[in-house]
Amino acid sequence: MTQDKETVIRTFYLICIMTLIVGTITQICEESEFKVCMSKNNLTRIPKTLLPTTKSLDISQNYISELQVSDISFLSGLKVLKLSHNRIRRLDLSVFKFNQDLEYLDLSHNQLQKMCCYPVVSLKHLDLSFNDFDVLPICVEFGNLTQLNFLGLSAVRFQQIDLLPVAHLHLNYILLVLGDYYIKENVSEKLQILNTKTLHFVFHPNSLFSVQVNISVNALGCLQLTNIKLNERNCQVFVKFLLGLIRGPMLLNITLNNIETPWKCLVEILKFLWPRPVEYLNIYNLTLDEIVSDIQVTYPETTLKALKIEHITKRVFIFSQTVLYKVFSEMNIMMLTISDTPFIHMLCPVASSTFKFLNFTQNVFTDSVFDTCSTLVRLETLILRKNSLKNLYKVSLMTKNMPSLEILDVSWNSLESHRYEENCMWVESIVVLNMSSNTLTDSVFRCLPPKVKILDLHNNRITNIPKNVTHLQALQELNIAFNSLTDLPGCGTFSSLSALIIDHNSMSHPSADFFQSCQKIRSMRAGNNPFLCTCELREFIKNIDQVSSEVAQDWPDSYKCDYPESSKGVLLKDFHVSPLSCNTTLLILTVVTTMLVLAATVTFLCHYFDLPWYLRMMCQWTQTRHRARNICLEELQGTLQFHAFISYSGHDSAWVKNELLPNLEKENLQICLHERNFVPGKSILENIINCIEKSYKSIFVLSPNFIQSEWCHYELYFAHHQLFRKGSNNLILILLEPISQNDIPSKYHRLRALMAQRTYLEWPAEKSKHGLFWANIRAAFNIKLTLATDNNDVKTLKKDQEIQLRRHRL
């Protein structure tokens, strides 16, 4: 964009913004400690409950009919008072004598007819407009309002000296509201307004324009005229009125609001203003009456830079569109705006045009507008938003003969991609393209200007950005919000991308490597997407949390989980998940490591405590008990047959047979020994279990030899198991030779436990102590048993057992 154009646009918008800010009375109603809003409360008086600290009071749109000193005197710090849209008929400014800080006073839209003056020198804004004053309510005291910036007045008629008291003031804005103004023909009044930057006249909306006042204005920058009703008879009256206002060289901006005029009069106004020192002409709410006739217009050299017309209403239904379009298309200005009108087309200028800026928003232009037009060679900005464009290829073809075009806005149309998208004929000068709010799909990326820098595609039907797009290397800003994208686009295709807007899409788990591939990103908005808060999102959250708030502009408030339901609504920055559950390799490694540690622990315990041995014993015990139960041995073994079962190592058999056995049997004790009492044909384990269960006691002869015998440990295991099963104290431990705890293998922890917890008898080396030893042995047998001592009885018992076994087999 050239420097000349930037200056023009900047000046134009500066004037418009200044006019809107100064000339519009905003009704903002926000409560705070010092600001009170009581608008629309059906009040008839100012409440006495207000705090004296109140600085701003909005009490507009109520039913207050009068003001007294007592109403506001207690509000000594009041600076802003809005009393518009009430029913006040009479006002004495002395009611504000105790409000020395009052700067803003709005009494507009009341029923004021009379006003008594009083100096309120602190006023900066005084609005008395839209009241019922007959003449301008100017007090001599107003001349002392040196800080006054805004003055709004109402009157039915003017007098020459009305504004004399304020003629020396330097005002920014004067609003003059005229009632049903009427002047006799050929009678002209004079009114002097010396110093104001903006002058705004509001005429009666239902009366034909008839104001014949010669107004002299110095340093006028903006002129606004509202409610202008013209016909062929009073058209020249209005032109003459304008003539008196635009003599000064400073007038830059003229705004005509709500103007009703015949087509011929409108052309006369344009012809009148064209050679005048006016740079910007704005026409809002234009109504065209009567016939649109063909009028030859030759535009002279002009200082006018921009014409803006918004909202045209036609009361003529049969006329030549060409006549209307020709008046506008042949203008020799830089900027033309015609928006919100029923125009269906616009003519191509006959000769090379001076237009640099064209805005045809909200018309009904079709794809054929400016088709084959080759005279818009200086055009830099073209705005065709809210029209009836449909074919993207034709739009690109339209720009082919606009070599200076840099900015194109075709948003809010019905554009869609066609089969010609790969052959689009865009002019290469386009750097800003707005195609938002259309029906474009993914194929639009194959129909874009090659040098575009700023691209707006939001609110379309795009689901994916093709990977093969290679011609957008200059793209710097991309707005693709409100589409159906599922992932962030990488910057391999857009190597110069610095700003990305991709919020309100369908991204559930955006790629984590976006920031690595897009090193030039300086601004991004990607919130308000249906984020799937799973492991895949962790890296993206980590990366976006590390960038500055200037880059991630909507982080973290716009980034929330959408799924799973348990996390819905949770901010992404507050979403946490275990690294172990997200890293498959780490999870497998952890599980394998845990299993290996567990296996090593089990192996160690098995080796240390010989668990397989005990498991094997338990299994054999269970099997033996099961077989015994199946053959009804419980019935046969219901009576004990032996006083004791002796378990010993074969290496200690000499001591058992020569010492232990004779001394026990001489006491008539029945002793069970394996070599004489085990039943042939049965397994050793089954014989051991049966002998232990048929014996009242189990005697274990402990020695180093016993430790080395595995069968001895079987017998000890089953005897100990019987001890816990029956709850009896049936174990007698005899320590034949000293045994160190360290000599006992670790896997025989049961033997260790028994020697540590139970009392055992030691075989004394001295013969003198043998008597005490045998006495302790005899003391352990303190019951009499019903034993089958007769050999015949034993034989009979064995025979009965064999019969029972035979029956069971049968």
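Reader: Which residue is the bridge partner of Q224 in β13?
Author: In this predicted model, Q224 has T255 of β13 as its bridge partner.

Reader: And how many bridges join β12 to β13, and in which direction do they run?
Author: There are 7 bridges between β12 and β13, and the two strands run parallel.

Reader: Is β12 mostly covered or mostly uncovered?
Author: Strand β12, spanning residues 222–229, is mostly covered, with 7 of its 8 residues buried.

Reader: Turning to α4, how many of its residues are buried?
Author: Helix α4 covers residues 263–273, and 8 of its 11 residues are buried.

Reader: Which ones are they?
Author: The buried residues of α4 are W263, C265, L266, V267, I269, L270, F272 and L273.

Reader: What do those buried residues pack against?
Author: They pack against two helices, α3 (235–245) and α5 (321–329), and against two strands, β13 (253–262) and β14 (280–289). Strand β13 is also the parallel partner of β12.

Reader: A different topic: where is S411 found?
Author: S411 lies in the loop between β19 (407–409) and β20 (432–434).

Reader: Is S411 buried or exposed, and why?
Author: S411 counts as buried because its relative accessible area is 0%, and the cut-off for buried is under 20%.

Reader: Which side chain makes a polar contact with the side chain of S411?
Author: That is the side chain of R385, at 3.4 Å.

Reader: What else does S411 touch, leaving aside residues up to four places away in sequence?
Author: Besides R385, S411 touches L384 and K386, as well as N434, M435, S436 and N438.

Technical notes. Residues are numbered from 1 along each chain as its sequence is written. This is a predicted model: local features need pLDDT of at least 70, side-chain atom pairs count only at pLDDT 80 or more; totals for chains, interfaces and linings use all residues. Side-chain values use heavy atoms; hydrogens and water are left out. Buried means under 20% relative accessible area, exposed over 50%, partly exposed in between (1.4 Å probe, protein chains only). Helices (H or I, at least four residues) and strands (E, at least two) are DSSP runs, numbered from the N terminus. Contact means heavy atoms within 4.5 Å. Two strands pair if DSSP finds at least two bridges between them. A polar contact is a pair of N or O atoms within 3.5 Å; within protein, one must be able to donate a hydrogen and the other to accept it, and residues adjacent in sequence count only if both atoms are side-chain atoms.
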